[in-house]
Each structure stands twice: as C-alpha cells, then as structure tokens.
Amino acid sequence: MAETDEPMLVDGDNGSTSDWDDRWNHLKKFLERSGPFMHPDFEPSTESLQFMLETCKILVIGAGGLGCELLKNLALSGFRNIHVVDMDTIDVSNLNRQFLFRAKDVGRPKADVAADFINSRVPGCCVIPYFKKIQDLDETFYRQFHIIVCGLDSIVARRWMNGMLLSLLVYEDGVLDPSSIIPLIDGGTEGFKGNARVIFPGMTACIDCTLELYPPQINFPMCTIASMPRLPEHCIEYVRILLWPKEMPFGDDVSLDGDDPEHIQWVYQKSLERAAEFSITGVTYRLTQGVVKRIIPAVASTNAAIAAACATEVFKIASSAYLPLNNYMVFNDVDGLYTYTFEAERKENCSACSQVPSDLHFSPSSKLQEVLDYLTESTSLQMKSPAITTTMDGKNKTLYLQSVASIEQRTRPNLAKTLKELGLADGQELAVADVTTPQTVLFKLCFTS
C-alpha cells in the first residue's frame, strides 16, 4: 500500500484521530447531491454520511485474500466501526496476495494483524478483531451488526452464516419483521473467476437456495485411492481418508486438522512413502496442505475486483442512496473480462429459509442409510455429517449421529433398518443437525407406495 499524502491529525487531549477538511468530499458527491442513478426514494442530505462514519457497524468474515481487500476498501469508504472474524494464522504462502501481512507476521492471527494494519494506516477507523471460528460466536454477537460481508473460502462456513442470519429473523403472525433482517453480502473467488451476491435473509434467495451454483467438490474413486494410485493427489487422499483413521497418530478421536502443521507434516511424510511405493512423483508439503484443505489457487486481481464489488454493495445498502445488486454477479477474466448479473430466485421448499419442513419421499421399506445418502448427496442439501433425530411417544430418539464415536457405534445398526422397522410413520418429522447450519433442519417424512 502506497504512503498517503493526507496527514494524520491527532487530537492532543485524548489521542483520538480527527478528520481534516475535505476528507470525505468524494463521498459527499454521492450522498449530498442528486444523480441519474440514485435510488428514487433517496433524498440527498448529510445524514447518510454521518450514519456511515459514526453509527454503521460492519462485520467482515474472513481476513484472507478477499478479507484484506474488503477491510481496506471499507475503511477508505468511510466505515469506521468494523469487526473482523478469522480463525487462521498467517502462512508464508499468504504474503503474495494478502497485502496487509508482512514476513514478520507469519504465525500470528490474520484478524489481529489485519486490524492493527488498518487501524494504524486509516485515521479514525477502529477495526476490532476476533481470532475465532464463526461458530464460536452466538446470536447476541451477530445481532449487533447492520451489514455482514463474507470473504470465505468454505461453502460450509457460508451456509452456517446464512443459517445464523435466518435464525435471527422475527415473524409476527407469519409476516417478516423487516427490522430483523441483516443483509449478507457474499464474495467468492476461484482462480480467474469470482462472484458477488447480495442476500436479504427471508426476502431473497439464500445460500442454500442456490447450492448448485457452487462448484462441486472433486472426489477420487475409492478403488483408485486404495489400489491403483496414479497421481500425487491419490497418495495424499489415501493417507487422509484411510491411513489417518486407522493409525490415529495423535490419539483416538483426534480429527485431521488442515490448519495444524504437525498434522499436515504427518500426512506429507506418509504420502511420500505411498508415492514411492508406486513410483509417483510430485508430492510436496504445499500440495498436501492444498488437498487436505481443498485449497483453490487464488489470483490477487480477482480478489481485488470481487472485494470492490462487495464494498460497493455495502456502501449502497448502508447509505440507501442506490439500489443494491439484484442479486448475483458473475465475474470472469480468464480470456478478457466478462461480467454478468442475474436474479437468483428463492426456492419455496428451501430447507434453510422456507417456513415449512421440506418433504422426504421414501417408501416404508427404504433403509435409514438411503435417507442419510440423500441428505449428503442431494445437490439441494449437500450435508456433511447429518445427525438424525425424531420424537416418539413424547421422547426424543436419536436415529443416527456420526460426530460422537460412542453414539455413532450405538446407532450404526439403525442404518441397516427400514423406516418401518424403526417405527417411523407417514408424516413424521425428522430433525436433522449438521455442520452446515446452526439450526436444526426439519423434514417431513412422506411415504410412497
């Protein structure tokens, strides 16, 4: 970031920064005079700028490639009350594009370093960091924000955040209370491709309404991984999927953590041994980390373009001066530059944002395993490790739960039983918990003949 020519003015009494003359002239041109693209109901005044400078509270989720750009853009656009959440620490590989970080910062939390950098460079801006998972923060925390912006590299995290904002909605006699809506602006990049979208929870298409828009996760056939590896990725997947659960190198019930260097080093060494056995070359530490964490190569210019689009939408919504994006923008600069905007439509039977349980159509002779497979493999659900419970005779009954080893072992026989054998009836509700959402998702069982 180039040095600024503008002075940093400090109030001598309390050490706080103050504005200099004409600092916000560029924003006043948008907010204090009319124009051809202005929202038809907007009346130019000084109030919008004051709201942005003094009141508006923004949450940025992710302080990586997109997050660094977002924080810089928002801080320079007049937003001073910014919070940022990120669970990662800085790696050397981040430094080529996550420009708020330096070599001396390697190993430190991304959120902390990004906040320190912005606070030191942008007078008057106060960025508050949280070195946490988004799942570690509760409803009270998220409810305090006016707008939430996501710069994530995880579909699961996006869906969880989507579910959290849906859980904050308030309905009175079936009518949505607009004051309970917290707009979600989501950006995503994949190499030279990206997207930006605006979501008004409960009103427009949510993340789960459009799961099919996200690229499918690449999975290798198990027979190839186990018996006929041909690529370095096959060797790494063998260690990740088969060897780790078998050897449990760091103790029983310790899951492989892609952010733990010791875990990655163990997988890397075992993958090298597997590759040597089949005369395969190309296994590196970085590739190992990429396969385990499903990392997609990032391009700095794509991050910059998508972050700019997202920050513009934050400005439009916070100021109410312009109509927001409606509601999904595609960006592609593989060959030249191409953008396209369309309206993603809300699904009436979306399992996340509809107000009625979704139907599950199975015959009474279907096995619980078939229900589990549907929940994980359906393009409209794509759950990761669903836990299925129901109510029988006024008591909760766990049909299957994968995340706790002792309960998984006890409920595993249920997978081979039919729905009829489990005592389930037509119209019965199944409650499904999953890492993709903070809420329990309700389904209605509909028996087919």
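I looked up Lys270 and its exposure. At 21% relative accessibility, Lys270 counts as partly exposed, because that class lies between buried (under 20% relative accessible area) and exposed (over 50%), with a 1.4 Å probe and protein chains only. I note that this is a predicted model, where local features need pLDDT of at least 70, side-chain atom pairs count only at pLDDT 80 or more, and totals for chains, interfaces and linings use all residues. Residues are numbered from 1 along each chain as its sequence is written, and side-chain values use heavy atoms, with hydrogens and water left out.

I placed Lys270 in helix H9, residues 261-277. Helices (H or I, at least four residues) and strands (E, at least two) are DSSP runs, numbered from the N terminus. Outside its neighbours within four places in sequence, Lys270 contacts Val239, Leu243 and Glu247; contact means heavy atoms within 4.5 Å. I checked Leu243 further: it sits 27 residues from Lys270 in sequence and 8.6 Å away in space, C-alpha to C-alpha.

Next I turned to the cysteines. I took a disulfide as a pair of cysteine sulfur atoms within 2.5 Å. The count came to 0 disulfides. Cys125 is in none, and its nearest cysteine sulfur, that of Cys126, is 7.2 Å away. Cys125 is buried at 8% relative accessibility. Cys235 is also buried, with a relative accessible area of 0%.

Last came a hairpin. Strands E14 (residues 387-392) and E15 (residues 395-400) pair in the antiparallel sense over 5 bridges; pairing needs at least two DSSP bridges between two strands. I found Thr389 opposite Thr398 in E15. The hairpin has 2 residues between its strands, and Asp393 takes a positive phi near 55° there.
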